[in-house]
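Here is a short round of questions and answers on one protein model. Look over the sequence and the fold, then read on.

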Amino acid sequence: MGEQRPLARGEAWRAVAACFLTTFALLSRHRVHLPEERVGRRLGFADGTTAPVYRETRLGSGLAKDPCTLVVTFRLRLVRGSGHALFRRESLLNTPLFVGFPGFTSKLWLAHDEHGRYRGVYEWDGAGRAEHYARSL
């Protein structure tokens with residue numbers, strides 16, 4: 001898949017708003033789970049870095065019929081020391097930004113690696129749905 005442009009602003013806002021509404025419906029039906037069996041496991045990456053899983057979010061069974069993995073990487077430039085622990089606690093508030101998107105099945109939340117980069121490892125049911133999420137944000 002080549003590089004994709006973000007959705008038009010209005011279309012992206014509508015997608016995020018629909019996601020929020022769907023998320024709260026899913027939460028009220030207890031469909032969003034935070035299993036702990038992978039918490040603490042370290043994942044390795046092609047660049048030689050590793051990072052521990054600090055949270056998992058799963059929708060329903062977390063199984064996809066047409067699985068697609070999307071890895072998001074970012075750095076918090078102004079966060080140092082105990083600020084990382086604070087970020088990991090408050091990051092749960094970001095859940096409504098993805099759980100309600102069509103095709104979401106699971107996310108592994110990774111703490112910062114040796115270079116200060118955080119990662120989210122998402123599984124989507126279908127590459128087109130993963131792309132729609134990425135382009136919406």
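Q: How many salt bridges does the structure hold?
A: This is a predicted model: local features need pLDDT of at least 70, side-chain atom pairs count only at pLDDT 80 or more, and totals for chains, interfaces and linings use all residues. Residues are numbered from 1 along each chain as its sequence is written, and side-chain values use heavy atoms, with hydrogens and water left out. A salt bridge is a side-chain nitrogen of Lys or Arg within 4 Å of a carboxyl oxygen of Asp or Glu. The structure's total is eight.

Q: Which residue meets Glu56 in a salt bridge at 2.9 Å, N to O?
A: Glu56 lies in strand 3; strands (E, at least two residues) and helices (H or I, at least four) are DSSP runs numbered from the N terminus. The partner sits in the loop between strand 1 and strand 2 (42-44), so the pair ties together parts 18 residues apart in sequence. The partner of Glu56 is Arg38.

Q: Is Glu56 buried or exposed?
A: Buried means under 20% relative accessible area, exposed over 50%, and partly exposed in between (1.4 Å probe, protein chains only). Its partner Arg38, at 32%, counts as partly exposed. Glu56 has 0% relative accessibility, so Glu56 is buried.

Q: Which residues are linked with Arg38 and Glu56 in a network of salt bridges?
A: The Glu56 and Arg38 side chains meet at 2.9 Å, N to O. The network also takes in Glu37 and Arg58.

Q: Where does the residue lie that meets Arg117 in a salt bridge at 2.7 Å, N to O?
A: Arg117 is in strand 6 (residues 117-125). Its partner here is Asp47, which is partly exposed at 44%. The two are 70 residues apart, and Asp47 lies in the loop between strand 2 and strand 3.

Q: Which residue forms a salt bridge with Arg117 at 3.1 Å?
A: Arg117 counts as buried, at 19% relative accessibility. The partner in this bridge is buried as well, at 5%. The residue is Asp113.

Q: Why do the buried residues of helix 1 line one face?
A: The buried residues are Ala12, Ala15, Val16, Cys19, Thr23 and Leu26. Seen down the helix axis, they line one face because they fall within an arc (of the directions from the axis to the C-beta atoms) of 95 degrees.

Q: How many disulfides does a search of the whole structure find?
A: A disulfide is a pair of cysteine sulfur atoms within 2.5 Å. The sulfur of Cys68 is 17 Å from the closest cysteine sulfur, in Cys19, so it is too far for a bond. The number of disulfides found is zero.
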